[in-house]
Amino acid sequence: MKKKKVFVKRMRQHLLCLLILFTIAFVGLVGRLIYINIDKGKKYSQRVLNQKNFESIAVPFKRGDIFDRNGSILATSNKVYNLVIEPKNILKDEDKRIATTNALSTYFGVTAEEMGGYLADSESLYKVIRKRLPYEDVKRFQDFTNSKEGEDVIGIWFEDQYIRSYPNEELACHLLGFVVSGNEGIGGIEGSYNSYLNGQDGRIYAYLSEDYSLQKKVEPAADGCSLVTTIDTEIQRIVQKYCDAYMENVGAKNVSVLVMNPKNCEVLALYNSHQYDPNDAYDISACKYQYENSKSFMSDEEFKAMVDKMSDDEKLEALNNLWRNFVVSDSFEPGSTFKTFTIAGAIEDGVLSGEENFVCDGHQQVYDYDISCVNRDGHGTLSVDEALSYSCNDCLMQIAALEGPTVFDKYQQLFGFGQRTNIDIPGEASSADLAYMIYHRDTLNPVELATSSFGQGVTVTMMQLGTAFCSAINGGYYYQPHVVKQIIDDDGNVIENYDKMLVRRTISEETSARMRDMLFSVVEEGSGSRAFIPGYKIGGKTGTAEKLPRGEGRYILSFIGFAPADDPQVVVYCVVDEPYLEDQATSGAGAVLFNGIAQELLPYMNIYKTGTYEEPEENDAEYAAAPIFEGDAPEISVAGQELEEEPEDDEEDGEEDYEESYEEDYYEEDYYEESYEEDYSEYEDDSDW
């Protein structure tokens, strides 16, 4: 009888240890495989694919959409399709090759000769033969291949592609910008937010296995983020409607309009004349205006002949001028709209109580120059409110003299002049360049201070002045202007939210309320009467700036207005550069344009009539404008301006170099005291002079 084997305790312990060791080793091996797959899976997949005759194909991402504040699409990416064939698979069966060739000829117009050329690369698994096909064409072909008649068609598939589309065409083109190849945004929101709008391409790895079956590995694309902007499409349409009508009926070198919410400096609309279609941004025909003026127009045939002779650099320069955003990029002398800030600073700093009276005799003698008022006959005695209402240069020069360079420059800077607004679209000049666009404390000599007080000599951008004006009427809060409200990822989650971005306080609520009342009087009683709309309480300020060279009758006309005057909901800033009128200065072009826009805009924004305000009587004298200087003008009269040629020294006449004269003689500390101390001795002198 055979003896049974018995597992003694020691043997069982050995087996248990071995089992534990094998289990640990197995778990470790599995863990290592998982780690390798996660950490280096793509690398090894690529290595395997390299050994199996594969094609790597990009899967394009969808660039994010751009919406207006109400959800309307301003820019989107539409899917189109590229037709791809696989010559190696098509050539495997003659009957199927014929069926495939016939189908391509029927549905996509591929000729037999073309097909022969494509199939010459017999080892290829990827050859694009048609691009940007619409879905309708692709659908008809797919319906055929899914039917019994098309079952022999092989080796054909479609890859996705996206093309940028702007459904409103030229509407808000300077705000939006456009996209070039490679999904590169140029200008506007497309340029500023390019990194957010772009996603990450995926890949398709297609290869033949050992049994010649087609295998694919797909890495999906990551789509870009979408943007919700502050823009209101309907407000933009209203602005464009009235600006286009003005350009057609009157014409001008340029018309620009900026619409903002004064409570947070959101941009509701931005318009520049001479627009372009972002769907075809390189269309040179949109540049024809650059070679015309009020007295010279050319036919399309003449322009085409001229374009044919232009070099590529000349064409690109013309296009860059077309794409340039005047509201953000171009600086100009604002004229009397700047008086708002001169008076606001004087009241806030206690230089004025607001109860003073000034005498305007039509001009002011400042150093060696006779500087004119808008009314050469003089306004007579005016209060501070009336000085703003009647846009009196003489009174403003006297007020600025009381402020002195230190106080005047303090409020220039508080209101953001000579600085970047940091608007979130490209085109704004550098801080260093902008700093030269105004006279500062050390360069605010008598003439510079006098002319800057009424907006000549100082230069601004529309975005600077619009943002500063919002601060002057909203209680003294200076917000950073912006055009994007939210950034949304491709899953619909809000990843960035922009609302009020407070930068600083400029003036008190009390001063701001006083300015609102004064600006209301400008429209009700003064130079802004052309902006009046029955039933609405509107405030605002006109601007008439004489362009360089002085004395040629060329002006920039502007008006910046708001409503309602006691609780501003919207600011509209209109600038008309050289209207095609015989007498530009008295046209009130900015106020006229504002009036048309506001009549349709205010009801749309649910801003209702609040009274039966009496329409002011129109008085041509209110719109009078005169050249700044009577007689000779300084060789340099604008901040940042440079002489074209250095003036020659004339020893016989004792003329000094301009810069030496400017440094040694032009700035005399006692000048203001001599001119104003007798009449305004109750005000404290500027101790920092």
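These legends go with a set of close-ups of a predicted model.

**Figure 1. The whole protein, for orientation.** Before zooming in, here's the overall tally: the secondary structure adds up to 22 helices and 26 strands. The protein has 689 residues, and 50% of them count as buried. Take the contacts with a separation of 6 or more, and 74% of them turn out to be between residues 24 or more positions apart.

**Figure 2. The largest pocket, about 1,200 Å³ in volume.** The lining runs to 45 residues, and the ones closest to the pocket centre are Lys 253, Asn 254, His 274, Tyr 289 and Asp 577. Two helices and four strands each give two or more residues to this lining: the helices are H9 (233–249) and H11 (312–323), and the strands are S11 (252–261), S12 (266–272), S13 (331–332) and S25 (570–579). H9 supplies the largest share, with 4 residues. By residue class, the lining splits into 16 nonpolar, 17 polar and 12 charged.

**Figure 3. The second largest cavity, holding about 50 Å³ of space.** Rolling a probe the size of a water molecule over the atoms shows where empty space is left. In this structure, there are 4 cavities of 30 Å³ or more. The second largest is lined by Phe 338, Phe 341, Thr 342, Glu 403, Phe 408, Tyr 411, Gln 412, Phe 415 and Phe 417. Helix H13 (339–348) and helix H15 (393–414) are the elements that put two or more residues into that lining. H15 gives the most, with 4 residues. Sort the lining residues of this cavity by class and you get 6 nonpolar, 2 polar and 1 charged.

**Figure 4. An open sheet of 3 strands, in the order S15-S16-S26.** The pairing throughout is antiparallel. S15 and S26 sit at the edges with a single partner strand each, so one side of each has no neighbour in the sheet. Strand S16 (residues 369–372) is joined to strand S15 (residues 363–366) by 4 bridges. On its other pairing, S16 connects to strand S26 (residues 629–630) through 2 bridges. If you want a residue pair to look for in that second pairing, Ile 371 has Phe 629 in S26 as its bridge partner.

**Figure 5. The hairpin of S15 and S16, with 2 residues between the strands.** Val 366 in this view stands opposite Tyr 369 of S16. Gln 365 has its bridge partner in S16 too, namely Asp 370. Tyr 367 is worth a look if you're checking backbone torsions, as its phi is positive, near 55°. S15 also shows two faces: Gln 364 and Val 366 make up the covered one, while His 363 and Gln 365 are on the uncovered one.

**Figure 6. Ser 512 in helix H19 (residues 509–525).** Is Ser 512 buried or exposed? Its relative accessible area is 0%, so Ser 512 counts as buried. A polar atom of the Ser 512 side chain lies 2.9 Å from the backbone nitrogen of Gly 475. Once neighbours within four places in sequence are set aside, Ser 512 is in contact with Ser 471, Ala 472, Ile 473, Asn 474, Gly 475, Gly 476 and Ile 507. Gly 475 therefore turns up twice in this close-up: in the contact list and, through its backbone nitrogen, in the 2.9 Å pair, with Ser 512 itself buried at 0%.

**Figure 7. Glu 333 in the loop between S13 and H13.** Which backbone nitrogen does the side chain of Glu 333 reach at 2.6 Å? That atom belongs to Gly 457. Glu 333 has a relative accessible area of 8%, under the 20% cut-off, so this charged residue counts as buried. Leaving out neighbours within four places in sequence, the residues in contact with Glu 333 are Gly 455, Gln 456, Gly 457, Val 458, Thr 459, Ala 545, Glu 546, Leu 548, Arg 550 and Val 638.

Conventions:
Residues are numbered from 1 along each chain as its sequence is written. This is a predicted model: local features need pLDDT of at least 70, side-chain atom pairs count only at pLDDT 80 or more; totals for chains, interfaces and linings use all residues. Side-chain values use heavy atoms; hydrogens and water are left out. On a 1 Å grid over the protein atoms alone, a cavity is a set of points where a 1.4 Å probe fits but cannot get out, and a pocket is an open set with protein on both sides within 12 Å along at least five of seven lines; lining residues have an atom within 4 Å of a point. Grid points are joined across faces, edges and corners, and a volume is the space filled by probe spheres set on the points. Buried means under 20% relative accessible area, exposed over 50%, partly exposed in between (1.4 Å probe, protein chains only). A polar contact is a pair of N or O atoms within 3.5 Å; within protein, one must be able to donate a hydrogen and the other to accept it, and residues adjacent in sequence count only if both atoms are side-chain atoms. Contact means heavy atoms within 4.5 Å. Two strands pair if DSSP finds at least two bridges between them.
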